[in-house]
Structure formats: structure tokens, C-alpha cells
Amino acid sequence: MPELSYIDVYYSIHGFQEEDLRGKTAVVIDVLRASSSIVTALSRGAKRIIPVADMEEAVKIASPMDSRDYLLCGEKDGNKIEGYHLGNSPLEYVPDVIGNKTLIFNTTNGTKAIRKASLANQVYVGAFLNQQSILNAINEHDDEVVLICSGWRGRLSLEDALFAGSLVHHLSNGVMSDQLKDSAKIAFGLFERFGQDLEKTIGESDHAKRLAKLVPEGDIPFCCKVDEFDTLPAMKDGILTDING
Ligand code: MLT
């Protein structure tokens, strides 16, 4: 288990440089919706997920592959990308569609944050859906842990900060320790204030409002479920797989 003073929280992808993560464990968070969709997809049978930073990269990775083996997945500004097989609703990721496939995943903030974290010793992808798996994984490390909130276009997102807060709260056994860094104390306090009713709080967040007219109604309640899966997406050589699977 890491010392409490070793836990840091970055509230947007502009809050760190790639080099800052060397030697550390990173947990990338995009509750609405990329990390929730990635956790769901790996839980429901996707073979592996390749997060990409943009459309050009997605095409480059897909072009030598057999078209039966992969799906292009993701969104731009919440909307499914034209020509892609799937968007970014976790509800789309069902076994019949994604079973044994490679998913090339391209989203506005989440997959960019995962890519930017690639110099970390270990990169995990976390959401409320796999909270306990993330806590177990963090507890196995004694190096520094950075919780990376993907946010929205460089700005803080409440739902990501709230999940970071939930992790800090659990790791501190619900006690605000003076050992915690400022960034972790803020996340802890946010969770204490708003953690009791995730669906209401997250449903009233900026990003939920942004998505309201664009996505299935069930997306937000689904992303607020806690410990729905015991999946642990971990990255090796730029590829995410479920290392609990
Ligand atoms: C992102 O990566 O910015 C999000 O997952 C956007 C979304 O909700 O689709």
C-alpha cells in the first residue's frame, strides 16, 4: 500500500507532463464515459483495447488489420464518429458485438489522457464500475500513485474528481489525514460532500448536461454503478487488457 503522502490527483490532462509520471502508478479516470466504456467492453468480452489520440492514428492502426478482427469505437464531442462501428455509450458494448474483438478507441479526452500517461510504470483505467479492482491494484503498489482525471478539454469534470475522491476516501479509511497532498484533500472533501448520491450529483454535472440530448438515457445511471465489474484494465505496449480476466 502506498503512503498517503504518495497519492496525487491531477484534475485535467493539462495538469501534468508525460515525464512527471515516470516511476509512478497511474489511474486514468473518465467516468463520463470513456473509462466506463472501456471497463464495460473488457468485462463483456473484448479481447483488447487500443486507445488512440486521434482519427489518423486510428486509421493507421486499423489499416493492416483484418476487418473481421477490429471495431472502430469512440466519439467526438459526445457524438459517434462517422464511419465508426460503435460510439462511446457503455450500453453499446455487448458480448455479441464486441466478443473477442480488438477495439480501437478514440475519444475527446479519455483516450488522450490514457496515451499521455504511457510513461508511468503501470497504467490502469478506472471508473466507479470497477472501483474495488482499482483499490486492490493500488494497494499492491508502494510507489507514488497519480489519479488522472481526464476532464473536458483541459477543464475539471466533477464526476472524475468525485471518483478520485472516492478512491482517496477509501485509501484513507474515511479519515482526512494531514499526510494527504492538497490535491488529494480536495478530492476527499468533494467525495465527503457529494458522494452519498452519485447519480444525482453526476446527473447534474456539466458533462451530463452536455450529453443529455446526445446519448441514451441509461448511460449516466450505468456509469454511476459501483463495483459492477471486477475488471482491471491495464496497459502494456499501448494496449489495454483485463489483467483480472
Ligand atoms: C471523452 O473522452 O471526452 C468522453 O468519454 C466523452 C463522452 O462522454 O463521450
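## Around the ligand

The ligand in this predicted model has 13 residues around it, and those that come nearest are Arg-33, Asn-88, Thr-107, Asn-109 and Gly-110. Sorted by class, this shell holds six polar, four nonpolar and three charged residues.

## Polar contacts and cover

Let's look at how some of these neighbours meet the ligand's oxygen atoms. Arg-33 uses its side chain: an N or O atom there is 2.7 Å from an oxygen atom of the ligand. Gly-110 takes part through its backbone, with a polar atom 2.8 Å from a ligand oxygen. Leu-32 also offers a backbone N or O atom, which lies 3.5 Å from an oxygen atom of the ligand.

How much of the ligand's accessible area does the protein cover? On its own the ligand has 270 Å² of accessible area, and the protein covers 100% of it.

## The cavity

Where does the ligand sit within the protein? The space it takes is the largest cavity. Searching the whole structure turns up one cavity of 30 Å³ or more, and the volume of the largest cavity is about 100 Å³.

Its lining is made up of 16 residues, with Asp-30, Leu-32, Arg-33, Trp-152 and His-207 nearest the centre. Leu-32 and Arg-33 will be familiar from the contacts above: the backbone of Leu-32 and the side chain of Arg-33 each place an N or O atom by a ligand oxygen. Two helices, H6 (158-171) and H9 (206-211), each contribute at least two residues to the lining. By class, the lining has seven polar, five charged and four nonpolar residues.

How values were computed: Residues numbered from 1 in each chain as written. Predicted model: local features only at pLDDT ≥ 70, side-chain atom pairs only at ≥ 80, totals over all residues. Heavy atoms only, no water. Near = heavy atom within 4 Å. Polar contact = N/O pair within 3.5 Å; in protein donor to acceptor, adjacent residues only side chain to side chain. Areas by Shrake-Rupley, 256 points an atom, 1.4 Å probe, with all protein chains shown as cover. 1 Å grid on protein atoms, 1.4 Å probe; cavity = no way out; pocket = protein on both sides within 12 Å on 5 of 7 lines; lining within 4 Å. Sits in = over half its atoms within 2 Å of the grid points. Nonpolar A, V, L, I, M, F, W, Y, C, P; charged D, E, K, R; others polar. Points joined across faces, edges and corners; volume = space filled by probe spheres on them. Helix = DSSP H or I, 4+ residues; strand = E, 2+ residues; numbered from the N terminus.
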